[in-house]
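Trainee: I would like to learn how to read a model like this one, feature by feature. Where should we begin?
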Amino acid sequence: MVLRKLTMALLSVGVMLPGLTHALAVQNIKTKSALGEPFRAEVELSDTGDLTEDDIKVSLASPEDFQRLGIEQVYFLTELRFEVTIQNGRPLVKISSHKRVSEPFLDFVIHISWPNNTRLQEVTAFLDPPTVKSSQVETPAAPVVVRQP
């Protein structure tokens, strides 16, 4: 009787484990562009186990998902493109657009799917104003030596 209960417990744990092996965590977004530039950002994925970049599919969430989560889906978001790549052994989602961003932040939801699982993740990207780069090279002033009498 005890052996039977132990066998059943081990079998039930074994059934639950495949779903737990790929919890897939989404890290913070790293914005690579400034306000007024085409959007570029990266989101690192972790806890991917043995998933490959072909196993992970990322897209913008559906309008229904946006509505259910209470997030406004502005038209610009439809321009976003998603690409899963592996860089330095780390899986990344590269997010980009061809159009320039005119808002100081973007709030959107991504839909991530992998074998037998799916996830929605809200992402907020903040865009800094572009930095002005001077074309002139400033030469440092020569040091002034003052001699004491």
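Mentor: With confidence, since this is a predicted model. The mean pLDDT of the protein is 81. Of its residues, 73% reach 70 or more.

Trainee: Where is confidence lowest, and where is it highest?

Mentor: Helix α1, residues 2–20, is lowest, with a mean of 42. Strand β3, residues 57–60, is highest, at 97. Look at residues 2–21 as well. Their pLDDT is below 50. Beyond near neighbours in sequence, this stretch has zero contacts in the model.

Trainee: Next, the overall layout. In what order do the elements run?

Mentor: From the N terminus on, the order is α-β-β-β-α-β-β-β-β. That gives two helices and seven strands. The protein has 149 residues, and buried ones make up 30% of them. The exposed surface is about 10,900 Å², with 55% of it supplied by carbon and sulfur atoms.

Trainee: How much of the contact count comes from residues 24 or more positions apart?

Mentor: They account for 58% of the contacts with a separation of 6 or more.

Trainee: Now the sheets. How do I read strand pairing?

Mentor: Strands of a sheet pair through backbone hydrogen bonds, either parallel or antiparallel. Here, four strands form an open sheet in the order β1-β2-β5-β4, with antiparallel pairing.

Trainee: Which strands stand at the edges?

Mentor: β1 (25–31) and β4 (81–87) do. Each has a single partner strand, so one side of each is left without a neighbour in the sheet. Neighbouring strands of this sheet are turned by 25° against each other on average, direction ignored.

Trainee: Take β2 and β5. How many bridges do they share?

Mentor: Six bridges, in the antiparallel sense. β2 covers residues 38–46 and β5 covers residues 90–100. For a concrete register point, pick V43: its bridge partner in β5 is V93.

Trainee: And a residue on an edge strand? Is T85 buried or exposed?

Mentor: Place it first: T85 is in strand β4. Its relative accessibility is 12%, so T85 counts as buried. Leaving aside neighbours within four places in sequence, T85 is in contact with E53, R90, P91, L92 and K94.

Trainee: What about the pairing of β3, β6 and β7?

Mentor: β3 and β6 run antiparallel and are joined by four bridges. V58 has I112 as its bridge partner in β6. β6 and β7 are also antiparallel, over 10 bridges. There, S113 has T118 as its bridge partner in β7.

Trainee: Which way do the side chains point along a strand?

Mentor: In a regular strand the side chains alternate between the two faces of the sheet. Keep that in mind when you scan a strand by eye.

Trainee: Now backbone angles. What should I look for in phi?

Mentor: Most residues other than glycine have a negative phi, and most peptide bonds are trans. Then search for exceptions. D47 has a positive phi of about 55°, although it is not a glycine. N88 also has a positive phi of about 55° and is not a glycine either.

Trainee: Where do D47 and N88 sit?

Mentor: D47 is in the loop between β2 and β3. N88 is in the loop between β4 and β5. D47 has 53% relative accessibility, so it counts as exposed. N88, at 77%, counts as exposed too.

Trainee: What phi does N116 take in the hairpin of β6 and β7?

Mentor: A positive one, near 70°. That hairpin has two residues between the strands.

Trainee: Last, aromatic pairs. How are they described?

Mentor: A pair of aromatic rings is described by the distance of the centres and the angle of the planes. A search of the whole structure finds one such pair. F105 and F126 form it. Their centres are 6.4 Å apart, with 40° between the planes, and the pair is tilted.

Trainee: Why does the pair tie together separate parts of the sequence?

Mentor: F105 lies in β6 (residues 105–114) and F126 in β7 (residues 117–126), so the parts it ties together are 21 residues apart in sequence.

Trainee: How accessible are F105 and F126?

Mentor: F105 has 44% relative accessibility and counts as partly exposed. F126, at 59%, counts as exposed.

How values were computed. Residues numbered from 1 in each chain as written. Predicted model: local features only at pLDDT ≥ 70, side-chain atom pairs only at ≥ 80, totals over all residues. Heavy atoms only, no water. Phe/Tyr/Trp six-rings, centres within 6.5 Å; stacked < 30°, edge-to-face > 60°. Buried < 20%, exposed > 50% of the residue type's maximum accessible area, 1.4 Å probe, protein only. Pairing = 2+ DSSP bridges. Axes fitted to C-alpha atoms, helices over the stretch in contact; angles between N-to-C directions. pLDDT = per-residue confidence, 0-100. Contact = heavy atoms within 4.5 Å. Areas by Shrake-Rupley, 256 points an atom, 1.4 Å probe, with all protein chains shown as cover.
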